[in-house]
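Please open the structure in your viewer and keep the selection tool at hand. The stops below are meant to be followed in order.

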Amino acid sequence: MFDGYDSCSEDTSSSSSSEESEEEVAPLPSNLPIIKNNGQVYTYPDGKSGMATCEMCGMVGVRDAFYSKTKRFCSVSCSRSYSSNSKKASILARLQGKPPTKKAKVLQKQPLVAKLAAYAQYQATLQNQAKTKAGNIAVSMEGFSWGNYINSNSFIAAPVTCFKHAPMGTCWGDISENVRVEVPNTDCSLPTKVFWIAGIVKLAGYNALLRYEGFENDPGLDFWCNVCGSDIHPVGWCAASGKPLVPPRTIQHKYTNWKAFLVKRLTGAKTLPPDFSQKVTESMQYPFKPCMRVEVVDKRHLCRTRVAVVESVIGGRLRLVYEESEDRTDDFWCHMHSPLIHPIGWSRSIGHRFKRSDITKKQDGHFDTPPHLFAKVKEVDQSGEWFKEGMKLEAIDPLNLSTICVATIRKVTQNFLLNGLTTSGKLAPLQHQ
């Protein structure tokens, strides 16, 4: 499930070049009053109107530097071309999204204030895009429900037992449909928290669709709940803890002797193991802790490793921040059992390429991860035919995980192969095995 190149945060960068050297512009505050009016006029960093768009070539520049009193064109050539025989062709080219003509080059030598204004506009655009993206993510995360998704599409979720490396992956066999549990009763007007019996109708991973006892085939009050949550208990927990069992208000009239009803319904029924909550707690205890140092694949150069520090652990997955990242944003995610992470000193011991850190001294609180916490590499019999440099094989393309490529073995170390992918022999993804 986690072999290969797991995941990494995308790191994008941009660069620009110019034929002439330019002054270095210091970053501007992102809250500058940049305004766009009718697709034409922008403002200087001081708030004054000062940017315009050439009606001929589409070049955006300082309004005061434009030609004529009307400030409609960036140069004399654009003004003349606008009224020449090439007027129609130039306008058509601009409408088709083609770049500005070379005649607008005169505006490349803009005063410093133009550079500041353009830079401020760029920063404001990036900020708006970031806010919009963050808002969309927040809406999608809050608005998504696994239960509704599974129910509305009649999908079948992969069971927890398929994921042996996940929490509770090896001890989920006792959880199935028709298992009874004690859960809070939300259909009650009492001021105190009360409980009632519910049965599992459907499972979707850690989530279960529950139905209160007494509702028979009525799904009116069915609800989804995380089985590993703190409000899910085995039958008998309320009696042992002194918590009241109260039937839902909607069905209180159905039976006069609820005790006899529960005895009949629960006879022979399965419930959660008594130590279920303890197993959940134990499965969420991970040996990797924040501030541990490891060697991990360099996401920008997959043929070498770098030192990284564990920033957080979520469900057995590690957020590793490369040690030289000053703003803590250069990170890499992988599972704690992934073959992509190793103890400090692993690269040197097997002769693998390693990027030396500029940090000569460990930061306060950081410490090397004990070697026994890493997944052990299986011993293989290397006698007889074995991998050799120059051999060809098929390998997953680390830059496009959905494809298999022809690869060449460049180096063989202890149980580790360094592959070089060819650029001409890319294969289609495997359909059958």
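Begin by selecting Phe 144, Trp 146, Tyr 149 and Phe 155, which form a nonpolar patch on the surface with about 420 Å² of accessible area together. Patches are made of residues with over 30% relative accessible area and no salt bridge, where like charges are joined within 9 Å and nonpolar side chains (Val, Leu, Ile, Met, Phe, Trp, Tyr) within 5 Å; a salt bridge is a side-chain nitrogen of Lys or Arg within 4 Å of a carboxyl oxygen of Asp or Glu, and accessible areas come from the Shrake-Rupley method with a 1.4 Å probe, with only the protein chains shown counting as cover for residues.

Before moving on, note that this is a predicted model, in which local features need pLDDT of at least 70 and side-chain atom pairs count only at pLDDT 80 or more, while totals for chains, interfaces and linings use all residues. Residues are numbered from 1 along each chain as its sequence is written, and side-chain values use heavy atoms, with hydrogens and water left out.

Within the patch, centre on Phe 144, found in the loop between helix 3 (112-143) and helix 4 (146-153); helices (H or I, at least four residues) and strands (E, at least two) are DSSP runs numbered from the N terminus. Phe 144 counts as partly exposed at 44% relative accessibility, where buried means under 20%, exposed over 50%, and partly exposed in between.

Next, select residues 292-298 and 301-314, strands 10 and 11, which run antiparallel and are joined by 6 bridges; two strands pair if DSSP finds at least two bridges between them. These two strands form a hairpin with 2 residues between them, and Glu 295 has Val 307 in strand 11 as its bridge partner.

Extend the selection to strand 12 (residues 317-322), which pairs with strand 11 in the antiparallel sense over 6 bridges. Here Val 313 is partnered by Leu 318 of strand 12, and in the turn of this hairpin Gly 315 has a positive phi of about 60°.

Now select Trp 386, in the loop between strand 15 (367-368) and strand 16 (392-397), which is partly exposed at 24% relative accessibility. Adding Val 412, 26 residues apart from Trp 386 along the chain, lets you check a C-alpha separation of 9.9 Å.

Finally, turn to the cysteines: why is Cys 171 not bonded to Cys 228? The closest cysteine sulfur to that of Cys 171 is the one in Cys 228, and at 8.7 Å it is too far for a bond, a disulfide being a pair of cysteine sulfur atoms within 2.5 Å. By this rule the count comes to 0 disulfides. Cys 171 is partly exposed, with a relative accessible area of 24%, and Cys 291 is partly exposed at 29%.

Methods:
Buried < 20%, exposed > 50% of the residue type's maximum accessible area, 1.4 Å probe, protein only.
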